[in-house]
Amino acid sequence: LVDYIFHTRRPRSITVSVMGVDKEFEVLNINEFNSTRKRMSAVLRCPDGTIKLYCKGADTVIIERLDETRGASVQVTLRHLEEYATEGLRTLCLAMRDISEEEYRTWSAMHAKASTTLTNRQQELDRVAELIERDLVLLGATAIEDKLQDGVPQTIYTLAQAGIKIWVLTGDRQETAINIGYSCKLIQEDFSLIICNESTHWETKEFLQKKLDAIREGRGSNIDLESLALIIDGRSLDFALEKDVEVLFLELATLCRAVICCRVSPLQKALVVKLVKRRRKAILLAIGDGANDVSMIQAAHVGVGISGQEGLQAARSADFAIAQFRYLRKLLLVHGAWSYHRLSKMILFSFYKNITLYITQFWFAIFNVFSGQTVYESWSITFYTVFFTVMPPFAIGVFDQFLNARSLDRYPEMYKMGQKGVFFNVRSFWGWAVNAFYHSLILFFLGTALLFDDTESDGMVGGQWVYGVIIYTAVLTTVLLKAALITNMWTKWTVLAIPGSLILWFVFLPIYSIVAPKFRTSTEYEGILGHTYANPRFWLISALLPVLCMVRDYG
């Protein structure tokens with residue numbers, strides 16, 4: 001083994017053991033890595049007093065900065081890089097150059113000025129770094145294996161079965177990206193690869209137009225859209241994202257089964273996401289594990305960060321954080337499907353319960369010549385939403401499950417119900433609204449018919465507020481029965497929310513009708529207790545009308 005050991009790092013120096021002898025290198029300057037530069041460099045003063053610059057970065061940016069007179073080993077290194085990339089390894093190039101004292105003094109003054117400027121500091125630092133990162137001597141290349149996490153191929157294959165379009169945006173070389181695409185089952189051996197490696201705007205536009213025309217002409221004959229994959233590199237992507245080309249690129253990409261964008265910067269990742277977001281009516285999810293994925297994650301509708309070896313920047317910037325990529329399968333297919341179904345049902349039920357109550361007031365207005373008189377006591381109307389029907393939507397929206405987790409995970413095609421809007425659409429909304437009208441008709445008119453002659457055994461009549469309480473109780477019972485009917489999974493919280501809300505009303509009414517009039521809060525309820533709980537028609541209407549309403553729903 002080569003006996004070079006880096007063992008100490010101080011703010012202004014590093015110490016390396018060279019063949020057992022410690023040597024200290026003074027760190028003069030660091031030119032930081034960013035997505036635009038795709039490289040970083042360090043200016044060091046060696047123990048012998050010479051100044052050297054060491055630079056590492058992507059092969060595309062290092063090769064173009066080499067000293068052309070000293071490039072004998074470049075072709076050999078490029079051949080090795082292609083071999084490494086074909087094996088799926090991630091590569092970097094290393095280079096260096098000697099710097100004279102005079103050149104360093106001049107450059108250092110420019111760097112110090114750029115680092116203290118208050119306007120466009122990062123751009124100035126990049127410009128100054130460009131001045132010294134030139135005429136480099138290639139030292140070699142490194143390649144490391146970036147192994148896929150467990151379950152990645154199965155997860156991607158399952159998500160594709162669920163009708164989810166998967167695009168890979170990576171900074172790897174094209175060969176590496178394609179190899180990873182095969183290993184994770186994003187692209188198959190029988191796929192036709194459309195590879196775009198153009199160097200100018202017009203060549204990129206012409207290439208995309210030609211391929212798009214060929215697909216349009218061959219659609220329905222010998223071209224299988226399910227076996228097409230688009231591969232595009234970073235330079236071509238720059239041109240493809242321009243205004244006059246982006247539509248061509250997006251249309252071609254959406255026709256393909258898979259898309260791999262390689263050699264892309266973090267900015268390009270975000271621009272691709274924003275393009276799809278702007279041009280397509282689709283929900284975008286972006287998932288990444290490193291700081292270079294943050295802009296993409298934040299640009300998407302839903303961001304998922306993987307916390308792990310790459311750090312926590314992605315996880316902290318995302319809407320959801322998971323430990324491994326394979327957990328995305330359960331997050332989408334199980335919890336995503338549950339969430340869509342729950343929220344759809346909760347929203348529709350919330351509209352239903354309010355329409356059912358307030359349309360009965362509209363029917364009552366017909367009989368009082370729209371005088372503004374309400375059929376219900378004012379505080380009871382408020383408590384309807386605040387207390388008596390507030391818990392069922394929460395229970396449905398949080399705990400309901402229309403299918404168990406095992407079934408949703410086993411049959412990914414079930415996820416397509418959300419993509420097609422099966423549970424929440426215009427038809428569903430108006431169906432619930434019409435059903436609420438229908439229930440209000442039964443509750444009001446049939447209830448009014450049964451209470452038309454409200455003379456009791458002692459010769460007294462209940463009056464408007466007794467009539468209102470009875471209709472109100474029937475409405476509340478109907479709404480809670482509806483909540484029970486649409487609930488797929490009963491938990492202790494569901495029992496507390498639905499039957500509990502009805503029990504709360506029957507406990508609340510006698511207490512409120514006795515206590516509130518004493519404080520002159522609701523004088524309308526004074527003395528009604530004997531005309532409700534002791535009235536057989538109160539219990540008949542409260543039980544009969546909700547059942548009549550639910551007969552059609554149950555059937």
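This text walks through a pocket, a helix and two buried residues of the structure shown above. The model is a predicted one, and every value given here is computed from it.

We begin with the second largest pocket, which has a volume of about 730 Å³. It is lined by 25 residues, and the closest to its centre are Lys38, Thr60, Gly234, Arg235 and Arg263. When the lining is sorted by class, 14 of its residues are charged, 9 are polar and 2 are nonpolar. Several helices take part in this lining, for helix 1 (59-63), helix 6 (174-183), helix 8 (234-240) and helix 10 (266-279) each supply at least two residues.

From the pocket we turn to helix 18, which runs over residues 426-450 and has 25 residues. From its first C-alpha to its last, helix 18 reaches 36 Å, which is close to the 36 Å expected at 1.5 Å a residue. The N-terminal end of helix 18 is capped by asparagine 425, a side-chain oxygen of which lies 3.1 Å from the backbone nitrogen of arginine 427.

Which residues of helix 18 are buried? Among them are Ser428, Trp432, Asn435, Ala436, His439, Ile442 and Leu443. An α-helix has 3.6 residues a turn, so residues three or four places apart point the same way. The buried residues of helix 18 pack against helix 13 (327-367), helix 19 (464-486) and helix 22 (536-554).

One residue of helix 18, asparagine 435, can be followed in detail. Asparagine 435 counts as buried because its relative accessibility is 6%, and the cut-off for this word is under 20%. Leaving aside residues up to four places away in sequence, asparagine 435 touches Tyr352, Lys482, Arg552 and Asp553. With arginine 552 there is also a polar contact, in which the side chains of asparagine 435 and arginine 552 come to 2.6 Å.

The second residue to follow is lysine 52, whose place is in strand 5 (residues 51-57). Is lysine 52 buried or exposed? Lysine 52 counts as buried because its relative accessibility is 17%. Apart from residues up to four places away in sequence, lysine 52 touches Ala42, Val43, Leu44, Cys46, Met96, Arg97 and Asp98. Two of these residues deserve a further look. Lysine 52 and arginine 97 are 45 residues apart in sequence, yet 5.8 Å apart in space, C-alpha to C-alpha. With aspartate 98, lysine 52 makes a polar contact of 2.5 Å that joins the two side chains.

Note on methods:
Residues are numbered from 1 along each chain as its sequence is written. This is a predicted model: local features need pLDDT of at least 70, side-chain atom pairs count only at pLDDT 80 or more; totals for chains, interfaces and linings use all residues. Side-chain values use heavy atoms; hydrogens and water are left out. On a 1 Å grid over the protein atoms alone, a cavity is a set of points where a 1.4 Å probe fits but cannot get out, and a pocket is an open set with protein on both sides within 12 Å along at least five of seven lines; lining residues have an atom within 4 Å of a point. Grid points are joined across faces, edges and corners, and a volume is the space filled by probe spheres set on the points. Helices (H or I, at least four residues) and strands (E, at least two) are DSSP runs, numbered from the N terminus. Ala, Val, Leu, Ile, Met, Phe, Trp, Tyr, Cys and Pro count as nonpolar, Asp, Glu, Lys and Arg as charged, and the others, Gly among them, as polar. The expected span of a helix is 1.5 Å times one less than its number of residues. Buried means under 20% relative accessible area, exposed over 50%, partly exposed in between (1.4 Å probe, protein chains only). Contact means heavy atoms within 4.5 Å. A polar contact is a pair of N or O atoms within 3.5 Å; within protein, one must be able to donate a hydrogen and the other to accept it, and residues adjacent in sequence count only if both atoms are side-chain atoms.
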